[in-house]
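Me: Please show me the structure that we are to discuss, together with its sequence.

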Protein chains: 2
Amino acid sequence: MKDLTPTVTTGPLPASRRVWHAGEHHPEIRVPMREIDLHPTAGEPPVTVYDSSGPYTDPDAEIAIDRGLPRLRAAWIAARGDTETYEGRDVEPADNGFAEGARRTPEFPHRPAPRRAMEGRAVTQMAYARAGIITPEMEFVAIRENLGRKAAKAALARDGESFGAEIPDFITPAFVRDEIARGRAIIPANINHPEAEPMVIGRNFLVKINANIGNSAVTSSMAEEVEKMVWAIRWGADTVMDLSTGHNIHNIREWILRNSPVPLGTVPLYQALEKVGGIAEDLTWEVFRDTLIEQAEQGVDYFTIHAGVRLHMIPMTVGRVTGIVSRGGAIMAKWCLHHHRESFLYEHFDEICDIARAYDVAFSLGDGLRPGSIADANDAAQFAELETLGRLTQIAWAKDCQVMIEGPGHVPLHKIKENMDRQLRTCGEAPFYTLGPLTTDIAPGYDHITSGIGAAMIGWFGTAMLCYVTPKEHLGLPDRDDVKVGVITYKIAAHAADLAKGHPAARLRDDALSRARFEFRWEDQFNLSLDPDTARSMHDETLPKEAHKVAHFCSMCGPKFCSMRISHDLRAEAQQEGMQKMAEKFREGGDLYMPLEDGK
Amino acid sequence: MKDLTPTVTTGPLPASRRVWHAGEHHPEIRVPMREIDLHPTAGEPPVTVYDSSGPYTDPDAEIAIDRGLPRLRAAWIAARGDTETYEGRDVEPADNGFAEGARRTPEFPHRPAPRRAMEGRAVTQMAYARAGIITPEMEFVAIRENLGRKAAKAALARDGESFGAEIPDFITPAFVRDEIARGRAIIPANINHPEAEPMVIGRNFLVKINANIGNSAVTSSMAEEVEKMVWAIRWGADTVMDLSTGHNIHNIREWILRNSPVPLGTVPLYQALEKVGGIAEDLTWEVFRDTLIEQAEQGVDYFTIHAGVRLHMIPMTVGRVTGIVSRGGAIMAKWCLHHHRESFLYEHFDEICDIARAYDVAFSLGDGLRPGSIADANDAAQFAELETLGRLTQIAWAKDCQVMIEGPGHVPLHKIKENMDRQLRTCGEAPFYTLGPLTTDIAPGYDHITSGIGAAMIGWFGTAMLCYVTPKEHLGLPDRDDVKVGVITYKIAAHAADLAKGHPAARLRDDALSRARFEFRWEDQFNLSLDPDTARSMHDETLPKEAHKVAHFCSMCGPKFCSMRISHDLRAEAQQEGMQKMAEKFREGGDLYMPLEDGK
């Protein structure tokens, strides 16, 4: 077994330190952030950025995948006194698709007893918020969202078009509580996943991104999936979904959960289908219910539930170019047609809520009828399902369950806003969580880009979390490189959206990087970028020598043609002498160029 | 010299043929298009797409770089009887930056006498259009823009938000003429570049993209640049700009022009600066004027002229985070300050127009004060320059010169539309030609994506041509791979914009590809994509076997989980039996799955 223990990527990003901020309501909480040190010549303080990477980037943290991460939230959860440990469900052969022998992923070495709500109690963040309680989780995310805002307060000129979002200048724990209470934000935080660092998803917070991982019947292994998780959060994934569909689903998920500092989402239907041998019509409420409990006990933080696919909607998809492209949607459509009845997900949604309420599993109400092509965007089937999702949201809220709503898909630019507007109206402003949308169908191999365009736009309009799309979309399973490209692309989209919404702290990093660029601080430019490794290696391809990192010109143009240099010289003169004097000087024939040290 | 002759990439794209359509007004013209053949099981005609690749993708064309391309337009130009050949300017050592010996790029082997307008004549497409003439160039682009529209007429449901663009259902040569006459579109077509296949740039036509190439003082050679041009147009670049700044500028440009089937743009200021040893303040109108004539005689199709940078605007840039980031803008700012006078470009703009008018060189009025960071977007300097560009447009139009206007730069999402709106208002609807815009500063190494997002959006709002940005932006000179990634990213942005504007034929390719996807025609899916090679190789990484190209499931999910397959089966049943019957059948317990041939 020793050899099977995965190794993962560790170590800090360049010039970066993981730092912690303590709480005030809850002095025991330690909220991680990343500080990027700048070159001394900058004369600027470190730049603070959001840090989703967990202990893996902390050189002082001891990482042992077979022991898992520290159980950060265990004491908070226990202190609330409304949960109990119990023996929990036995792991059955079906949970791992009957994998045996060498094909079987080993069990995670330790299994603490699961915890659930005491009889009749709701242990969701929403229940606490509605009761007026500020949990440690709420204060944690308030501090986390405020990155650099206090320090930068003076510079905070609000500038943006928020389309009705109400982002405050400063996030207080009470603001978080109020947003959770009214369902406008969620903190996915299963009581059985105490390793996770709390994060918030909502329109009035930073736009988040999700990375999908998971093996399939065709390919992939446990070690790869654990490393993909660690790799995805290193580059900025805020949550991870495990979409495994093959064997070993239970055991792989356990390894991921015990080592994941971000919330983990799943589509329980995938595992339920494995348990019935892949025959959709053999699915039953009992098998599905058992799977929900299995996963809730493990600590899954949010469930995608395709309860919005209803029997009467299925004929609406027959005229489509690409039919039903959601796996969950297709499975449920098949089940509904076969039995010619409403889906067990829809009929038992109340009971599903009871399970979610007992473990604080958030819902991601799946868009099983999302469009899979430009031709099918915003059609009757899609919007009929959205109406149902709105009604399910009310049912979940009545049970104190946290809800977000999944969105498309493939949508041309001019039809994106209607998705956001309808979702807000129909689903009571529950957070929207969209896949892309892809803005054209014609670029397989580049669907991170076709969808990054749509993601930036819908994020701007108000989507709270963007589900990444990798270059392999439609073609194959993403490998480690694809995961990174997908994450960086979506960090770009989310950040572009934050900027455009007028998020008060979003521009600090842009401005710091642009100042570094203007002042030829190449190292700072690399270190402040979303992917310092790639920025540095691309620069070095053209100008490999160390000396060029301090050269007062860019690698594109050479010294004579560098607009930044000319412009910088102009600035330096202006600052020294004042613009008026400079104009005089120029009248006398002064030179804007500063001599380069090496005489070039 | 033989060894130095560059080799370039030739051969058709997969399943593709270059085909020609003849004119009606001008039966002699042959307009190239690309037809992509589909698998016989599709039962669909070939898909026709725009083809910018020139003869290089035609297996019957004989390619000899040291002879150049056929002089397609020579007869059209001669037939107009308003031009004359003349001896032309001698090539001087300064034209190649005094490069000598082994460092000197050899001259192109043949040099036909240049052609210019007869005394007093205007030989621009705008002059002809205003005189009511439909030139062969105009009919050429009309046919070229109509790809597939006639055949698809029945299916053409217009759907989009055009923001005031007026794209007709069908483009007639008279429509092209009218758009050119009123300055709303241009056909960059220097009479000394008869090798070029005419193309049109305007808001009521397909959105175009430009790829920048060019050597610098730091790196690159002639052979590389010629191949970059051929490579860029293979993947869809509609025009190419040669931004060379080092030695050998004249000779490299000659090789590129003689082999380029797309219009070539330049920034003449770069070469003029080389001629005065890189000292901006030593630039004179005489040197610049001589450079314009040199390049006009060679056949450059459009000039970037930074005549909008005026003395009084320069102080507006001093408070910026990144000052002046346009090379041309910085050079002119330095000149203006040094001499403390209005720039020679502005003062001699009338004479510049006279040169453009005599060769039909179009203007790309440069945005020398474009913002180089999010912080500087839409500031006073930027918009002051735009006002001047509007006035220069009127001067150029009065001389029958064709004009487009360059735009930013770095702009957050919520400030993009103002750029388009102001440009339309200020510049009389002259075509807008933008670099990106980049929607955040924090992702060097991925600026094709930060800018592709902005490009799609501004293209939708009405920008006529998008200047690509490669992953190397801010870091180094793009190599061949970067050029391809930049071009494909911008083809995505342009196409997403066409779809959203409601271009009547844009969706045909999306729909064909999505049908192929839904029907598991993998080969068709690859062949219809913007980059078939990448799509295929990504697919083969996961499922390398040939058999899987006809498998009725995707490489992501395996057979049991494929939503497309389930959905497809549902469709097949519905078509065969009708929805009502199918529902009955399902009530009796039918199965949606079709058995796979191999029994899986």
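The questions and answers below address the chains, their helices and some single residues.

Me: What kind of model is this, and what pLDDT do local features need?
Reply: Residues are numbered from 1 along each chain as its sequence is written, chains are lettered from A and ligands numbered from 1 in the order in which they are written, and side-chain values use heavy atoms, with hydrogens and water left out. This is a predicted model in which totals for chains, interfaces and linings use all residues, side-chain atom pairs count only at pLDDT 80 or more, and local features need pLDDT of at least 70.

Me: How many helices and strands does chain A have, and what percentage of its residues count as buried?
Reply: Helices (H or I, at least four residues) and strands (E, at least two) are DSSP runs, numbered from the N terminus. On that basis chain A has 20 helices and 15 strands. Buried means under 20% relative accessible area, exposed over 50%, and partly exposed in between (1.4 Å probe, protein chains only). Of the 600 residues of chain A, the share that counts as buried is 70%.

Me: At what angle do α5 and α6 of chain A pack, and which residues of α6(A) take part in the contact?
Reply: Axes are lines fitted to C-alpha atoms, for helices over the stretch in contact, and angles run from 0 to 180 degrees between N-to-C directions. α5(A) (residues 222-234) and α6(A) (residues 249-258) have axes 9 Å apart and pack at about 30°, and they are therefore roughly parallel (angles under 35 degrees count as roughly parallel, over 145 as roughly antiparallel, 65 to 115 as roughly perpendicular and the rest as oblique). Contact means heavy atoms within 4.5 Å. A:Met222, A:Glu225, A:Val226 and A:Met229 of α5(A) meet three residues of α6(A), namely A:Ile252, A:Trp255 and A:Ile256.

Me: Is the crossing of α7(A) and α9(A) left-handed or right-handed?
Reply: The axes of α7(A) and α9(A) (residues 327-339) come within 9 Å and cross at roughly 50°, and the two helices are therefore oblique to each other. A:Leu269, A:Tyr270 and A:Leu273 of α7(A) meet A:Arg327, A:Gly328, A:Ile331 and A:Met332 of α9(A). A crossing is left-handed if the near helix is turned anticlockwise from the far one by less than a right angle, and right-handed if clockwise. For α7(A) and α9(A) the crossing is left-handed.

Me: At roughly what angle do α7(A) and α8(A) cross?
Reply: α7(A) passes α8(A) in a right-handed crossing. The two helices are oblique to each other. The axes of α7(A) (residues 268-275) and α8(A) (residues 285-298) come within 9 Å, and the crossing angle is roughly 125°.

Me: How many residues of α14(A) are buried, and what follows this helix?
Reply: With 15 residues (447-461) at 1.5 Å a residue, α14(A) should span 21 Å, and its end C-alpha atoms are 21 Å apart, which agrees; the expected span is 1.5 Å times one less than the number of residues. α14(A) is mostly covered, with 15 of its 15 residues buried. The helix is followed by a residue with a positive phi near 140°, A:Gly462.

Me: Which residue takes a positive phi just after α16(B)?
Reply: α16(B) (residues 507-518) reaches 16 Å from its first C-alpha to its last, close to the expected 16 Å. Nine of its 12 residues are buried, so α16(B) is largely enclosed by the rest of the structure. Among them are B:Arg509, B:Asp510 and B:Phe518. Just after α16(B), a positive phi of about 60° is taken by B:Phe520.

Me: Which residue does a cis peptide bond join to A:Gly436?
Reply: The residue lies in the loop between β14 (432-435) and α14 of chain A. The cis bond has an omega of about 10°, and the partner of A:Gly436 is A:Pro437.

Me: Is B:Asp360 buried or exposed?
Reply: B:Asp360 is found in the loop between α11 (349-359) and β12 (362-365) of chain B. Its phi is near 55°, a positive value in a residue other than glycine. At 1% relative accessibility, B:Asp360 counts as buried.
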